[in-house]
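Open the model in your viewer and set the display so that single residues can be picked by number. The stops below go from one selection to the next.

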Amino acid sequence: MNAVIASVAAGSIADQLGLLPGDALLAINGSDALEDMFDYQFEVSGSEYLELHVRHNDGSEEIYELEKEADEDLGLVFTSPVFTPIKTCNNACPFCFIDQQPAGLRASLYVKDDDYRLSYFANTYITLTNLTERDRERIARLRPGPLYVSVHSTVPEVREVALKNKKGGHILKELSWLKSLEVPFHCQIVVCPGLTDGDSLRQSLADLYTLRPEAMSVAVVPVGLTQYREQLSELTPVDSQSALGVIQIVDTFKAQHPDAADFVFLSDEFYFKAGLPLPSYAEYGEFPQLDDGVGTARMLLEDFFNLENELPARIAEPLNVLLLTGKLGAMILQPIATRLNAVEGLYVDLLAVKSQFWGDSVDVAGLVTGQDILSTLSQMDISGYRAAIIPSVMLKQSTEAFLDGKTVSELSQALNLPFLVVQDPYSARELVDKIFNQQPVTA
């Protein structure tokens with residue numbers, strides 16, 4: 001692997017040199033040991049004179065010599081922050097989502113990354129079970145943070161079972177080592193009923209609490225299971241009763257530790273499964289675990305409440321739009337759809353797309369596939385809809401491709417229906433703008 005350029009900032013030094021997407025940076029100042037963005041930033045930051053060895057798209061190579069301000073960036077974005085092979089996972093967690101996928105998807109979906117570098121640069125969760133002595137030396141020297149750590153349980157025998165790894169039980173030792181280096185980290189506990197809930201969850205929260213402030217937050221999330229899970233008998237999905245039990249454990253912990261209010265957070269799904277209201281906006285603090293489904297619903301609803309008074313009383317001409325999401329998303333969006341339908345002339349039909357691809361137990365919008373949508377809408381009369389609106393979490397980042405490889409354009413053509421993508425899944429304003437920009441609005 002090399003440092004392959006994904007984009008070049010207009011007007012930047014790299015742009016002036018004529019570097020293009022697809023070109024590869026082979027060396028800086030004669031050093032060809034560029035492993036990742038840590039090395040790149042070390043070579044570039046603070047340097048006024050640089051020598052860049054570049055291989056172009058056509059295979060030709062060129063060396064550029066340049067002068068710049070010490071703090072001036074080159075304007076390069078790379079296809080990956082890691083330039084050498086990604087460190088992969090050495091565990092066999094029965095709830096690993098990668099093992100719950102069918103064959104035939106794009107190759108990147110089967111990569112079990114467990115790389116501390118991606119944890120820092122891309123906020124991916126790691127288990128800390130595959131660190132080499134060189135990795136440890138490098139972490140001690142670079143002190144990258146925050147890292148994101150999949151803990152699941154601090155009880156050694158429970159974590160060994162959860163990871164299917166006899167060496168996986170020493171997580172407290174690893175986290176204490178990070179604390180000694182003053183490397184901050186966020187934690188994740190995947191709740192598998194009968195395994196990582198109950199006493200294991202109580203102990204894990206108590207143990208992680210002692211590692212503050214380096215332990216910045218804990219996200220407690222439900223296990224996700226698909227119909228492709230070969231070891232389903234080992235796992236039980238979170239239901240209303242187990243969700244309520246987890247909520248009670250976390251609420252009790254917070255009551256016993258008042259200063260932990262902004263430390264432990266539950267995934268939105270627990271509240272919906274238990275039939276309980278979401279916590280208030282303030283209870284999520286700085287929303288440190290949004291990428292783990294913690295607070296996304298509250299953030300979206302709060303954003304909508306803040307703009308609700310801006311909605312018109314009516315629109316000039318009738319407008320029908322489809323709002324497509326997963327089962328969990330439909331629960332979140334229901335009050336928003338109800339309020340929008342109070343606008344005279346506007347008809348927003350909220351539709352929870354059934355996941356035939358993954359199975360009925362999957363209810364998040366991020367796993368809705370193109371063929372799920374195609375199958376659902378093909379059985380409906382959609383001739384009266386102006387457009388279908390979907391969130392960007394259904395698509396591969398910066399593309400229009402769903403997980404199953406189908407694209408937004410293919411669906412639009414097959415169904416003869418325009419599709420609009422809400423890029424920011426936490427922005428109710430963008431959602432509302434997508435709807436009302438379909439036609440003129442009157443006060």
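Select aspartate 259 and show what surrounds this residue. Apart from residues up to four places away in sequence, aspartate 259 touches Tyr209 and Arg212. The model is a predicted one, and in it aspartate 259 sits in the loop between helix H8 (240-256) and strand E9 (264-266). Its relative accessible area is 42%, so aspartate 259 is partly exposed. For a sense of scale, add proline 277: the C-alpha atoms of aspartate 259 and proline 277 are 22 Å apart, with their positions 18 residues apart in sequence.

Stay with arginine 212, the contact just seen, and step to the next residue. Arginine 212 and proline 213 are joined by a cis peptide bond with omega about 0°. Proline 213 belongs to the loop between H7 and E8.

Next, pick glutamate 214 together with lysine 179. Their side chains form a salt bridge, 2.7 Å from N to O. Lysine 179 is in helix H6 (residues 171-180) and glutamate 214 is in the loop between helix H7 (198-209) and strand E8 (215-222), so the salt bridge ties together parts 35 residues apart in sequence. Which side of the bridge is buried and which is partly exposed? Glutamate 214 is buried, at a relative accessible area of 12%, while lysine 179 counts as partly exposed at 26%.

Move to helix H8 and select isoleucine 249. This residue is buried, with a relative accessible area of 10%. Beyond its neighbours within four places in sequence, isoleucine 249 is in contact with Gly198, Leu201, Arg202 and Leu205. From isoleucine 249 to asparagine 165 the C-alpha separation is 27 Å, and the two are 84 residues apart along the chain.

Now colour the buried nonpolar residues. In soluble globular proteins, nonpolar side chains tend to be buried together. The largest nonpolar core here has 84 residues, and Leu175 and Leu340 have the most contacts inside it. Centre on leucine 340: leaving out residues up to four places away in sequence, leucine 340 touches Phe304, Leu311, Leu346, Val348, Val432, Ile435 and Phe436.

Turn to the second largest pocket, which holds about 170 Å³ of space. To display the lining, select Thr127, Leu128, Thr129, Leu131, Arg136, Arg159, Lys167, Gly168, His170, Ile171 and Glu174. How many of the lining residues are nonpolar, polar and charged? Three are nonpolar, four are polar and four are charged.

The next stops concern charged pairs. The whole structure has 15 salt bridges. One of them joins aspartate 135 and lysine 87, at 2.9 Å from N to O. This pair links distant parts of the chain, 48 residues apart: aspartate 135 is in helix H4 (residues 133-142), and lysine 87 is in the loop between strand E5 (76-78) and helix H3 (116-122). Both aspartate 135 and lysine 87 are buried.

Continue along helix H4 to glutamate 137 and arginine 141, which are four residues apart, about one turn of the helix. Their closest N and O atoms are 3.3 Å apart, in a salt bridge. Glutamate 137 counts as partly exposed at 42% relative accessibility, and arginine 141 as exposed at 51%.

Arginine 138 is also in helix H4. Select it with Asp36, Asp39, Asp115 and Arg117 to see a network of salt bridges that links these five residues. Arginine 138 is buried, at a relative accessible area of 1%. Setting aside residues up to four places away in sequence, the contacts of arginine 138 include Glu35, Phe38, Tyr116 and Arg143.

Go from there to arginine 143, in the loop between H4 and E6. Its phi is near 50°, a positive value in a residue other than glycine. Arginine 143 is partly exposed, with 45% relative accessibility. In that loop, between H4 and strand E6 (147-150), select proline 146. The peptide bond from glycine 145 to proline 146 is cis, with omega near 5°.

The last stop is asparagine 29, in the loop between strand E2 (24-28) and helix H2 (37-44). Asparagine 29 has a positive phi near 55° and is not a glycine. At 37% relative accessibility, asparagine 29 counts as partly exposed.

Methods. Residues are numbered from 1 along each chain as its sequence is written. This is a predicted model: local features need pLDDT of at least 70, side-chain atom pairs count only at pLDDT 80 or more; totals for chains, interfaces and linings use all residues. Side-chain values use heavy atoms; hydrogens and water are left out. On a 1 Å grid over the protein atoms alone, a cavity is a set of points where a 1.4 Å probe fits but cannot get out, and a pocket is an open set with protein on both sides within 12 Å along at least five of seven lines; lining residues have an atom within 4 Å of a point. Grid points are joined across faces, edges and corners, and a volume is the space filled by probe spheres set on the points. Ala, Val, Leu, Ile, Met, Phe, Trp, Tyr, Cys and Pro count as nonpolar, Asp, Glu, Lys and Arg as charged, and the others, Gly among them, as polar. A salt bridge is a side-chain nitrogen of Lys or Arg within 4 Å of a carboxyl oxygen of Asp or Glu. Helices (H or I, at least four residues) and strands (E, at least two) are DSSP runs, numbered from the N terminus. Buried means under 20% relative accessible area, exposed over 50%, partly exposed in between (1.4 Å probe, protein chains only). Contact means heavy atoms within 4.5 Å. A nonpolar core is a set of buried Ala, Val, Leu, Ile, Met, Phe, Trp, Tyr and Cys residues joined through side-chain atoms within 4.5 Å.
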